[in-house]
Amino acid sequence: MAAHTPSLSYGGCNFFRQRLVLSTLSGRPVKIRKIRARDENPGLRDFEASFIRLLDKITNGSRIEINQTGTTLYYQPGLLYGGPVEHDCSIHRGIGYYLESLLCLAPFMKRPLKIVLRGVTNDQVDPSVDVLKATALPLLKQFGIDGEAFELKIVRRGMPPGGGGEVVFSCPVRKMLRPIQLTDPGKIKRIRGMAYSVRVSPQIANRIVESARSILNKFIPDIYIYTDHMKGAYSGKSPGFGLSLVAETTNGTFLSAELASNPRGQGTAVLPEDLGKNCAKLLLEEVFRGGCVDSTNQSLVLLLMTLGQQDVSKVLLGPLSPYTVEFLRHLKSFFQIMFKIETKPCNEEVIGGEKILMTCVGVGFSNLSKTIK
């Protein structure tokens, strides 16, 4: 990296991953101060330290400096290297916390990435591996990231608080992304789902399926919800159950929703019937929000549009999440890129909530990498 590249300075622990991922892609160093400086337990948490170790494993030549209290971090990114990697994730956050960032970084590695992640596959905080597999991978394929080496496989499931799950993610290198024009989401044609149960009765998954179908059958007949009951060594270290649902449209848009049971010993017990119905309602809400990309993957599509070829890309989104709004500010800081934002109010053509059309001209990652070498 060029020594004269100016660093960006931030305060606080919010949007921690966002800043480090964009720093790695843009080649701009970052300094983050006052990380929980006023907390009783100040500094970086275990899952954030684990994320920094993961970045160190997939890059070559990164410089990481953390002060004694852990409240200040300086990160100067190295080159994205990739290759075979193994990483034990913190059990305080799901594997989705790490996988979301890897989806942003993996296509731009020097060597194809094949990584084994161990930890919690499904929890109530981060996107589950099931949802990312069903929604994020098809989205990456729209940009031309595809091939036999492109897969996400769940080897073991792990629920909080014990974890014990294992996931294998492999991604080919594609530094030239094609521009996209995703402006028509189409109509819902089918709903697929996964009801999983680990270290509890297999009957629980069937109860979840029946309750979810009792709501969704009123809207569409083509519904299939798989049940997944892993046993023994493949079931992790803690009991739990949950449901992930994905609605697919006629134009290849995927909208998702998910719910998981409370970890053992935390909160009140959740009935499988209530979980199934609530998850179905969350999916209907996501369908109402609409757009060509669901709220989980809004920031991913905007980043890939930014790093795409120097051509115009357009995507129609539902209402922007607070995370996405802050992500747009960070994109401007790291890449000096701005999006044209047009609102599409609800009418006969635009059904559901208010839609937002996002347009930008990509900066091109291949051009960017030449400037930061």
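Here a student and a tutor talk through how some labels on this predicted model are justified.

Student: Let's start with single residues. Why is S244 called buried?

Tutor: Buried means under 20% relative accessible area, and S244 has 5%, so the label fits. S244 sits in strand β14, residues 240-249.

Student: What does S244 touch, once residues up to four places away in sequence are set aside?

Tutor: D130, V131, R192, G193, M194, A257 and E258. The cut-off for a contact is heavy atoms within 4.5 Å. There's a long-range relation here too: S244 and V129 are 115 residues apart in sequence, with 9.8 Å between their C-alpha atoms.

Student: And L22, buried or exposed?

Tutor: Buried: L22 has 0% relative accessibility, and the limit is under 20%. L22 belongs to helix α1. Beyond its neighbours within four places in sequence, L22 is in contact with L303, F327, H330, L331, F334 and F335. Of these, L303 is 281 residues away along the chain, yet the two C-alpha atoms are separated by 8.9 Å.

Student: What makes F15 "partly exposed"?

Tutor: Its relative accessibility is 25%. Buried would need under 20% and exposed over 50%, with partly exposed in between, so F15 gets the middle label. F15 is in the loop between β1 (8-11) and α1, and it has a positive phi of about 60° although it isn't a glycine.

Student: How do you know that Q336 is exposed?

Tutor: Its relative accessible area is 58%, and exposed means over 50%. Q336 is another non-glycine with a positive phi, about 55°, and it lies in the loop between α8 and β17 (340-344).

Student: On to whole elements. Why is strand β10 said to be largely enclosed by the rest of the structure?

Tutor: Because 7 of the 7 residues of β10, residues 165-171, are buried. Both faces are covered: G165, V167, F169 and C171 on one side, E166, V168 and S170 on the other.

Student: What makes β8 and β10 a pair of strands?

Tutor: Pairing takes at least two bridges, and 7 bridges join β8 (residues 111-119) to β10, so they qualify. They run antiparallel, and L117 has V167 as its bridge partner in β10.

Student: How many bridges link β9 to β10?

Tutor: β9 (residues 151-156) and β10 share 5 bridges, again antiparallel. In β10, F169 is the bridge partner of L152. The loop between β9 and β10 holds P161, and the peptide bond from P160 to P161 is cis, with omega near 5°.

Student: Why is helix α3 described as mostly covered?

Tutor: The count is 11 of its 11 residues buried. Among them are I95, Y98, E100 and L105.

Student: Which residues are closest to the centre of the largest pocket?

Tutor: R17, E100, V125, P127 and T296, out of 37 lining residues. The volume of that pocket is about 860 Å³. α1, α3 and α8 are among the elements that each supply at least two lining residues.

Student: What classes of residue make up that lining?

Tutor: 19 nonpolar, 10 polar and 8 charged.

Student: Finally, how do you know that domain 2 and domain 3 are in contact?

Tutor: 7 residues of domain 2 are in contact with 11 residues of domain 3. Domain 2 covers 188-289 and domain 3 covers 293-361, and their C-alpha centres lie 28 Å apart.

Notes
Residues numbered from 1 in each chain as written. Predicted model: local features only at pLDDT ≥ 70, side-chain atom pairs only at ≥ 80, totals over all residues. Heavy atoms only, no water. 1 Å grid on protein atoms, 1.4 Å probe; cavity = no way out; pocket = protein on both sides within 12 Å on 5 of 7 lines; lining within 4 Å. Points joined across faces, edges and corners; volume = space filled by probe spheres on them. Helix = DSSP H or I, 4+ residues; strand = E, 2+ residues; numbered from the N terminus. Nonpolar A, V, L, I, M, F, W, Y, C, P; charged D, E, K, R; others polar. Buried < 20%, exposed > 50% of the residue type's maximum accessible area, 1.4 Å probe, protein only. Domains from an automatic or database assignment.
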